[in-house]
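This report describes a ligand site and the pocket around it.

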Amino acid sequence: MENDVFNLIANKYDTKDRRDLAQNIVSAIKPELSNSKDKSLVDYGGGTGLVGLELLPFIDSLLLVDSSEQMLKAAGEKIRQANIKNAKTLRADFSESNPDIKADIIVASLVLLHIPDTEKILRQFYSVLNTGGKLIIVDFDKNEKVSHPAVHNGFTQIGLRSLLTDAGFKEISIKTFYHGKNIFMNQDASMLIAAGIKPAGPDSKTP
Ligand SMILES: C[S@@+](CC[C@H](N)C(=O)[O-])C[C@H]1O[C@@H](n2cnc3c(N)ncnc32)[C@H](O)[C@@H]1O
């Protein structure tokens, strides 16, 4: 169902409000990408590339992964038109099938809320990351004013920390970085950024 929704709105997704919000998200992610010039980044649920394509100056290569063909088509057109050589798209849903790719960094911006099984997708992110790799999540803080059957109404920071810990991540940081009007299903809301590292050695969950 979610897929259908994003396929339907793909051509109209890049509104001024969404572009502005994406700029705020990019500003929050940038400090997490120091020393990442030689790193591969997967933007999971990357959609039309509003966030991922803005991260290109700070990384080596970008793979925009999304379950919606139409959202990726919009991203692919931007990549072609700007003649970008180090960005690609991949249609996939890691919550349904085991991904066969590796990355140094995964960004998941405004996608966790759309995925029912949070534990599973975090485990998948962990398995995709190379040792020492970093997961960066941007999502909404828990918001009791929002209620929708297909969407998590945000995440508590304590709950998300516990889920990331259970998935194997270390050096976890989580903070609220933005408050906005009508940004979450027409409700005022705040957004969090979380980061965690896949550790090397005995702490790693990878055998
Ligand atoms: C709200 S948009 C966010 C797009 C972009 N990350 C941003 O911040 O502007 C959510 C995206 O997640 C994708 N998505 C939803 N569920 C997904 C899943 N299970 N696997 C991959 N992508 C998914 C949707 O198709 C959509 O492109």
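Which polar side-chain atom lies 3.1 Å from a nitrogen atom of the ligand? That atom belongs to aspartate 93. The model is predicted, with local features needing pLDDT of at least 70 and side-chain atom pairs pLDDT 80 or more, while totals for chains, interfaces and linings use all residues. Residues are numbered from 1 along each chain as its sequence is written, and side-chain values use heavy atoms, without hydrogens and water.

The table gives polar contacts of the ligand (pairs of N or O atoms within 3.5 Å).

| Ligand atom | Protein partner | Distance |
|---|---|---|
| nitrogen | serine 67, polar backbone atom | 3.3 Å |
| nitrogen | aspartate 93, polar side-chain atom | 3.1 Å |
| oxygen | serine 109, N or O atom in the side chain | 2.7 Å |

On its own the ligand has 600 Å² of accessible area (Shrake-Rupley method, 1.4 Å probe), and the protein covers 94% of this area. Around the ligand are 19 residues (a heavy atom within 4 Å), and Tyr44, Gly45, Asp66, Asp93 and Ser109 come nearest. This shell holds 9 nonpolar, 8 polar and 2 charged residues.

The ligand sits in the largest pocket (more than half of its atoms lie within 2 Å of the grid points). A pocket is an open set of points on a 1 Å grid where a 1.4 Å probe fits, with protein on both sides within 12 Å along at least five of seven lines; lining residues have an atom within 4 Å of a point. The largest pocket holds about 1400 Å³ of space. Its lining has 49 residues, with Phe6, Tyr13, Leu110, Leu113 and His114 nearest the centre. By class, the lining divides into 24 nonpolar, 15 polar and 10 charged residues.

Notes: A polar contact is a pair of N or O atoms within 3.5 Å; within protein, one must be able to donate a hydrogen and the other to accept it, and residues adjacent in sequence count only if both atoms are side-chain atoms. Ala, Val, Leu, Ile, Met, Phe, Trp, Tyr, Cys and Pro count as nonpolar, Asp, Glu, Lys and Arg as charged, and the others, Gly among them, as polar. Grid points are joined across faces, edges and corners, and a volume is the space filled by probe spheres set on the points.
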